[in-house]
Each structure stands twice: as C-alpha cells, then as structure tokens.
Amino acid sequence: MSKKSPGDFIKQVLGRPVIVKLNNGADYRGILSCLDGYMNLAMEQTEEYIDGQLKHKYGDTFIRGNNVLYISAQPKK
Amino acid sequence: MSKKSPGDFIKQVLGRPVIVKLNNGADYRGILSCLDGYMNLAMEQTEEYIDGQLKHKYGDTFIRGNNVLYISAQPKK
Amino acid sequence: MSKKSPGDFIKQVLGRPVIVKLNNGADYRGILSCLDGYMNLAMEQTEEYIDGQLKHKYGDTFIRGNNVLYISAQPKK
Amino acid sequence: MSKKSPGDFIKQVLGRPVIVKLNNGADYRGILSCLDGYMNLAMEQTEEYIDGQLKHKYGDTFIRGNNVLYISAQPKK
Amino acid sequence: MSKKSPGDFIKQVLGRPVIVKLNNGADYRGILSCLDGYMNLAMEQTEEYIDGQLKHKYGDTFIRGNNVLYISAQPKK
Amino acid sequence: MSKKSPGDFIKQVLGRPVIVKLNNGADYRGILSCLDGYMNLAMEQTEEYIDGQLKHKYGDTFIRGNNVLYISAQPKK
Amino acid sequence: MSKKSPGDFIKQVLGRPVIVKLNNGADYRGILSCLDGYMNLAMEQTEEYIDGQLKHKYGDTFIRGNNVLYISAQPKK
C-alpha cells in the first residue's frame with residue numbers, strides 16, 4: 001500500500017467495499033461512494049451491523065464525519 | 001446513485017422520506033424539508049423511534065446538526 | 001410548512017409552544033421566546049420533563065445551544 | 001418577560017437567585033453575580049444539589065460555561 | 001464579593017485554597033498557583049478526592065482547562 | 001529517545017509496528033504508514049484488539065485523529 | 001514552586017518523572033520528554049496504570065493532548 005498521506009489511502013478505497021466504524025460502536029458496510037474534507041461520507045448498498053449482527057439494509061446513506069472512528073478496506077472477495 | 005460529493009447525496013433526498021439517526025441512538029423518520037451548512041435540518045411529519053418503537057409524532061421538527069450520526073434515504077413505498 | 005432553511009422553521013415557531021429536547025434526555029416545554037446564532041434560547045413558562053414526567057416548573061429559562069438535540073413545534077391546542 | 005435575545009434574559013437575572021444546571025446533572029443555586037461571553041459565570045452563596053439533595057455550600061464559585069445546560073430564574077420568595 | 005467579570009473572581013482566589021471540580025467527578029483541593037486564558041491551571045499541595053475520599057497527594061499539578069467544571073474558594077480556616 | 005517535539009517521536013515510529021489506542025478503549029496494532037496534521041493516520045496489517053483479545057484483522061485502515069488516545073512504539077521483535 | 005503561568009509548571013517537570021491522567025481514567029507514568037502547544041506529549045519508559053494496577057510497559061509513547069486531564073510531578077525518589 002504506497003501512500004504518502006492518510007488521504008491517499010481514502011482515495012484508493014473510493015468505489016470499493018469498506019467498513020466504517022462509528023464511535024457509537026456500530027459498523028456500516030457498503031461501497032464508499034465519496035467523502036469530503038470534513039470526513040462526511042456517502043455510501044451505497046449500506047448495511048448496519050451492531051455487535052456483528054446485521055440490523056438494517058439502508059441503500060444510500062450519508063454519514064457525518066465527526067462520528068467516524070475508522071474506515072477499513074474490506075478484503076476483495 | 002451518481003454523486004460527486006456527500007452534499008449531492010443530501011440534495012437528492014430533499015423532500016423525500018428519510019431516517020435521521022442521532023448520536024443518542026434515536027431515529028427520526030419523516031420528510032427532509034431542508035438543511036443548512038451546519039447539518040441543522042428541518043423535517044416534516046416527524047416520528048421519533050427509540051429502539052425501533054414509535055414514541056412520538058412531532059410534525060415539524062428542527063434537528064441540530066452536530067448530533068446527527070447519519071441520514072439514510074427511506075426506500076420509496 | 002414552506003421553509004427554505006432550518007432557520008425559517010425556527011422563526012415560524014417563535015412565540016409558540018415548543019418541546020426542546022436536550023442531549024441529556026430531558027424535555028423542556030414552554031413558549032420559545034427567542035434564540036441566537038449559537039442556538040442559545042430563552043423560554044417562558046418552562047416545564048422540565050424527565051422520562052415523560054413533569055419534574056419542575058421554571059418560568060423563564062435560558063438554555064445553552066450546544067446541548068439542544070431538537071426543537072419541535074407543539075401541536076396547537 | 002420582554003426579551004429580544006437570550007442575552008437579555010441573562011441580564012434580567014443578574015444579581016438574582018438562579019438555578020444553574022450543569023451537564024453532569026448537578027444544580028448550583030445561588031446569586032448570579034456575573035458572566036462573560038463564554039457563559040463562564042460567577043455565583044455567590046452557592047449551594048450544590050445532586051438529585052435534589054443539598055451536598056455542599058460553597059460561597060463564591062466560578063463555573064465554566066461549556067458545562068452549563070440551562071440557567072433558570074428562581075421564583076422570588 | 002465585588003466582581004465585574006468571572007475573571008475577577010479567579011484573580012481574587014489566586015494563591016488561596018480552592019476546590020477544583022473536574023467533569024470526571026473528582027475534586028482537586030490545594031493552592032491555586034496560576035491559570036491561563038484556556039483555564040489551564042497549576043496547583044500546589046494538591047489533593048485528589050473521589051466521592052469525598054482522599055485518594056492521592058500530588059504536590060505540584062497542572063490541570064487542563066477544558067475538563068474544569070467549577071472552581072470554588074475554600075472557606076478560610 | 002532524542003526528541004525535541006512530540007512530532008519527532010511520531011516521525012521516528014513511521015513505518016514501524018505501533019499500538020494505537022482509541023478513546024473507545026480498543027487497540028489497533030500494525031505498521032504506522034503515515035499521518036497528517038489532524039493526527040488522522042493510515043495503518044497497514046491492522047489488527048483490532050478489544051480488552052486484549054484479537055477481534056479483527058483489517059489490513060489497510062484509516063483512523064480518524066480525534067479519537068486517538070495514544071500511539072506507542074511496539075518493542076522491536 | 002515559583003510559577004507565573006501553568007506553562008512554567010510544565011517546563012519545570014520536563015525530563016522528570018510525571019503522572020499523566022487521561023480522561024478515560026488511566027494513568028501514564030514515565031519521563032515527560034516533551035510537549036507541544038496542543039498539550040500533545042511524548043513520554044519515555046511509559047507505564048500504563050488502570051485503577052492503580054500496572055497494565056502495560058510501553059517505552060516511548062505519544063499521548064494526544066485533548067485527552068489529558070492533569071499532569072502531576074512525581075515526588076523525587
């Protein structure tokens with residue numbers, strides 16, 4: 001993973017499946033569609049997992065940046 | 001969902017039914033009437049759900065942006 | 001409810017009975033007297049509800065904006 | 001209570017007995033001596049109530065603004 | 001206590017025994033040595049009380065301002 | 001460890017195995033790939049530990065700076 | 001302890017053993033190597049104590065300033 005800044009990491013996972021962990025403990029899995037300078041992000045085919053259990057399927061979702069704990073690239077299937 | 005920025009996602013759901021999750025865990029469902037640059041938003045026909053249970057019907061409601069966790073488009077009925 | 005911005009919503013409910021929910025979970029019901037750009041607000045005939053139970057009647061109350069979760073118009077009696 | 005801004009409310013209660021609720025749930029009752037633009041305030045004859053129980057009598061107390069939930073005028077005895 | 005601003009209150013208690021309550025609930029008692037514009041403060045002969053129990057004697061201590069709930073003048077012995 | 005500023009410490013551990021503790025209590029262990037001025041950081045071969053138990057292996061992960069509690073150099077094996 | 005500002009206190013303890021308490025309740029004990037204007041600090045020979053129990057020995061550690069509750073000089077052995 002050649003990266004010079006954390007921003008480069010994010011660019012590499014745009015359009016790819018990711019796990020977004022929020023500071024309320026829930027995970028949001030789906031396609032990272034885009035994000036802005038405040039770390040606000042839009043996801044597609046979003047699934048909400050709480051304690052590893054699928055709770056909701058939301059489709060298009062806007063997530064506010066200041067609650068994001070981490071964004072992790074899902075391994076390619 | 002063609003979007004270039006998370007803001008575009010929000011524009012696409014203006015006037016449509018959405019679920020707004022706040023960081024106290026409650027969901028607010030209704031019509032997203034408008035929002036501003038601080039993510040403050042006004043909703044119509046608002047319903048408050050706590051742990052999936054309908055608790056209140058509020059009609060017009062102003063929600064302060066810094067408590068918003070995510071905004072998700074409700075699937076069209 | 002014709003609104004162009006969330007601020008317009010607030011102007012429409014000035015002087016009217018509202019419910020103000022704070023992020024500590026309590027509701028404050030009364031007449032929304034005025035508010036400023038930081039969402040600090042002054043209320044009259046304020047009643048404090050905790051878990052739906054009336055706890056205190058305060059009369060004039062100043063509420064600090066950064067604890068406000070939402071402001072909802074009380075249906076006209 | 002004729003007020004044009006929440007700040008006017010505060011001016012009206014300077015020098016009067018108030019209840020100051022902090023976001024840790026405690027109430028501080030006493031004479032509102034003064035406050036500044038950050039909502040930092042100084043109180044005299046301060047009493048600390050926790051769950052409605054008098055815990056301490058402090059006399060002069062400086063309270064930091066960002067923990068203030070609300071300030072309410074105590075009814076005149 | 002003649003004060004015009006909360007800052008005046010603090011100047012009056014510099015060099016005197018104070019109780020500093022932090023938003024984690026602990027009290028720090030000792031001599032208020034100095035403080036800066038961010039409410040960072042240095043104390044001497046500092047004692048840490050948790051739930052009213054003396055836990056530690058620290059001597060010189062630097063306390064970060066944004067955790068300060070209130071500063072109260074200890075009554076002169 | 002000759003350092004003049006905390007930033008120097010971080011430079012010394014770039015590309016090395018580190019433990020990153022977040023304020024939700026979880027540890028993230030892996031190679032510190034890069035970080036920016038907001039303390040946002042990218043890690044490789046990331047492992048998530050909760051209460052000392054390995055929970056997930058994530059590979060490339062972006063962690064938002066404002067949740068970072070500390071970064072500690074892992075002793076070289 | 002002659003100090004004019006809290007910053008002077010910190011300079012006096014640079015290179016000396018300190019206890020750094022974070023707002024998650026843990027203590028970090030070690031040599032205060034350096035710190036910057038945001039209260040980010042680097043420590044050497046760091047030991048993590050939780051509820052007074054030694055949990056980890058970390059060596060060089062970078063601690064983010066906004067989680068620091070207080071810094072206290074350890075009495076010289």
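## Touring the contact of chain G and chain E

Start with chains G and E: across their interface, nine residue pairs are in polar contact, both residues at pLDDT 80 or more. A polar contact is a pair of N or O atoms within 3.5 Å; within protein, one must be able to donate a hydrogen and the other to accept it, and residues adjacent in sequence count only if both atoms are side-chain atoms.

This is a predicted model, where local features need pLDDT of at least 70, side-chain atom pairs count only at pLDDT 80 or more, and totals for chains, interfaces and linings use all residues. Residues are numbered from 1 along each chain as its sequence is written, chains are lettered from A in the order in which they are written, and side-chain values use heavy atoms, with hydrogens and water left out.

Next, select the chain G side. Helix 1 (6–13), strand 1 (17–22) and strand 5 (68–73) each give two or more residues to the side that touches chain E. Strand 5 of chain G gives the most, with six residues. Helices (H or I, at least four residues) and strands (E, at least two) are DSSP runs, numbered from the N terminus.

Now add strand 4 (residues 53–63) of chain E. This strand and strand 5 of chain G pair in the antiparallel sense over three bridges. Strands pair if DSSP finds at least two bridges between them. Zoom in on T61(E): opposite stands S72(G), in strand 5 of chain G.

Last stop: salt bridges. The rule (a side-chain nitrogen of Lys or Arg within 4 Å of a carboxyl oxygen of Asp or Glu) finds zero across the interface of chain G and chain E.
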